[in-house]
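Colleague: Got a minute to go through this one with me? I'd like to start with the inside.

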Amino acid sequence: MKVVAVCACTVGIAHTWMAKEAIEKECERRGFEYKVEAQGGYGIENELEEEEIAEADAVLLAIAIGIEGDERFDEKRDEGRVLTLDPSLAIADPAKVIDQVVALTQ
């Protein structure tokens with residue numbers, strides 16, 4: 001399973017990075033391939049490439065604000081393979097969130 005994600009919170013500091021870490025740890029625990037982009041107060045870190053998005057089985061947008069490059073995910077949205085939720089949910093229960101991502105692919 002290959003997952004790509006974007007994390008962004010309103011301030012772009014704490015919750016962005018906490019959500020990123022929670023998603024990465026849960027994907028790693030499950031043995032998934034993953035890449036998580038952070039859009040925070042310091043700009044974009046670990047930016048997703050178009051090819052990575054295209055190859056992903058599902059996309060997780062743990063965002064509380066609009067993000068740069070949102071249109072990159074339109075094709076996956078059309079396929080029903082994008083889960084969008086608040087970063088606080090990814091922080092509180094990353095296993096449940098990743099279960100929801102997996103469900104998009106079934």
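Modeller: Sure, we'll talk about the nonpolar cores and then the cysteines. Keep in mind that this is a predicted model.

Colleague: Which residues touch the most other members of the largest nonpolar core?

Modeller: That would be I23, L60 and I98, in a core of 18 residues. The elements giving two or more residues to this core are β1 (2–8), α1 (14–30), β4 (58–63), β5 (82–85) and α5 (94–104).

Colleague: And which element gives the most to this core?

Modeller: α5 does, with four residues.

Colleague: Back to I23. What is I23 in contact with, leaving aside its neighbours within four places in sequence?

Modeller: A5, C7, V36, L60, A62, A90 and I98.

Colleague: What else is there in the way of cores?

Modeller: There's a second, separate core of twelve residues, and L48, L61, I63 and V82 are among them. As a general point, nonpolar side chains tend to be buried together in soluble globular proteins.

Colleague: New topic: how many disulfides does the count come to?

Modeller: Zero.

Colleague: Why is there no bond for C9?

Modeller: Because the closest cysteine sulfur, in C7, is 9.3 Å from the sulfur of C9, which is too far. The cut-off for a disulfide is sulfur atoms within 2.5 Å.

Colleague: What about C27?

Modeller: C27 is in no disulfide either, as its nearest cysteine sulfur is that of C7, 10 Å away.

Colleague: Are C9 and C27 buried or exposed?

Modeller: C9 is buried, with a relative accessible area of 7%. C27 also counts as buried, at 1% relative accessibility.

Definitions and conventions: Residues numbered from 1 in each chain as written. Predicted model: local features only at pLDDT ≥ 70, side-chain atom pairs only at ≥ 80, totals over all residues. Heavy atoms only, no water. Core = buried A, V, L, I, M, F, W, Y, C linked by side-chain atoms within 4.5 Å. Buried < 20%, exposed > 50% of the residue type's maximum accessible area, 1.4 Å probe, protein only. Contact = heavy atoms within 4.5 Å.
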